[in-house]
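Biologist: Please take a close look at one part of this model for me. I would like to know how its salt bridges are placed.

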Amino acid sequence: MEASAKNNDLIIERSSPTVVLPEYETPKDSIFLSSLEKMFPSMKRSIYSFERSDANVVDVIKQSLAKVLVHYYPLAGRLAKNSRGKLFVDCQKKLGVPFVEAMTDSEIESLGDSRLVNSDVLGKLVYRDPMEDMLEVAPLLTAQVTKFRCGGFILGVAISHHIADGVSAMNFMNAWAEIARGKPLSLVPCHDRAILKPRVPPQITGPYNEFVQISDVSNLMALYEEQQLVYKSFHFDAEKLATLKRMATKDEQVTSACTSFVALAAFVWRVRSMALKMKLHQQLKLHLIVNFRSRLTTPLPEGYFGNAVVSPCCLCTMGELIEEPISAFVTRIKKAIESVTDNYVQSRIDYYDINPSERLPVSAFSISSWTRLEYGSTNFGWGEPRFGAGEPPRESCLFMKDGREKGIAVVLGLPLPAMNTFEKLVCDLNVV
């Protein structure tokens, strides 16, 4: 296990931001945002670490950004609201992308585990625009290149989750890298979002577990407020994952194959809940972030640029979670994922068009897998990068590639006493 990368001595010298615009004239249309996209109001920050570079690294990345923005022109626009208060991307506002050049005397290796970067370090490596909290003038993308003494560099990127999920953001980054290497785009982005418009009248089916309101009967909020929140990553190699899968399918409740994701999700949910010492009658939710691009009756185009994820949910009590066999929750998780159909997605779109989205309660837990994101393809000409992300929200967990062991790294945050317990439980797979 490893704590988030911390280097509070990291000193960065930044230039003033310059604005990068698309190299050529681009459409001045307005791009509709689906009701699902109002659920993601944050900027997602990430870093790409490269061990080597040369003198023209900043020019190459900056010039290729102008070129890729011709294809991904909404990122140069700004958000706006129509007469009904609905969000859209105003592409007439070509205010561009803030771009920053920075330098440091530090070594990249001093950052430690770059997969998980604490907020202080991330704030130095990823430019945060002062207008970020002002909806209609905030940039939808920022970029910063930081050159290190060792000759390497880090590309820090912030992209609005309003207009791009993980797959779309990765497609953009890989397209940017292709252009930097002088290659044509291998995937042309699609900006047509009409298929994700709400139906008139809305057709909301259900009920659904994710809409159930649950109370904090375990007083978890006090625990989070009183204790230090600690972030760590835990590594599950192929052998551990195989053990979990065997244990998760050892009785008749699981009648079909179990993936590593499902087995690990069931294990992490149980162990995290045990570490938080919730009351037996506490209701719990597990939200699973599911990409629905290929699950619609008419699948979205391969290059669809936007948010195409929903979060089906498992609902139970703490008593059920620790007393029932882990195989029972493997089955629940599989059913939740399989429930994501065309009707499910359209119903969610209709629901969120007329209902506000809410932050998850502390007794809810969300798991997002980034193991299939091809961030190793983000080669700007200086080799494959190491990818790093910011600390997830307190109620969330990330599954990331563990390239060293061809396994999965689990990244999450917990109050210090709970994290200490979680570490001990993770070492004992028999808790399943």
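Modeller: What follows is a walk through the salt bridges, with one helix at the end. Keep in mind that this is a predicted model.

The structure holds 17 salt bridges. Start with Lys86 and Asp353. Their side chains meet in a salt bridge, 3.2 Å from N to O. Lys86 lies in the loop between strand 6 (78-81) and strand 7 (87-90), and Asp353 lies in helix 9 (residues 342-354), so the pair ties together parts that are 267 residues apart in sequence. Lys86 is partly exposed, at 23% relative accessible area. Asp353 has 18% relative accessibility, under the 20% cut-off, so Asp353 counts as buried.

Next, Asp165 and Arg293. Their side chains also form a salt bridge, at 2.9 Å, N to O. This pair links distant parts of the chain, 128 residues apart. Asp165 sits in the loop between strand 11 (153-160) and helix 3 (166-180). Arg293 sits in the loop between strand 14 (290-291) and strand 15 (309-310). Both Asp165 and Arg293 are buried.

Glu25 pairs with Lys28, with the closest N and O atoms 1.9 Å apart. Glu25 is exposed, at 65% relative accessible area. Lys28 is partly exposed, at 48%. There is also a network of salt bridges, linking Arg45, Arg128, Glu132 and Asp133.

Last, helix 10 (residues 416-426). Its buried residues are Ala418, Met419, Phe422, Glu423, Leu425 and Val426. Down the helix axis they fall within an arc of 165°, so they line one face of helix 10. These buried residues pack against strand 12 (229-236), helix 6 (260-275) and strand 20 (407-415).

Terms used
Residues numbered from 1 in each chain as written. Predicted model: local features only at pLDDT ≥ 70, side-chain atom pairs only at ≥ 80, totals over all residues. Heavy atoms only, no water. Buried < 20%, exposed > 50% of the residue type's maximum accessible area, 1.4 Å probe, protein only. Helix = DSSP H or I, 4+ residues; strand = E, 2+ residues; numbered from the N terminus. Arc of directions from axis to C-beta. Contact = heavy atoms within 4.5 Å. Salt bridge = Lys/Arg side-chain N within 4 Å of Asp/Glu carboxyl O.
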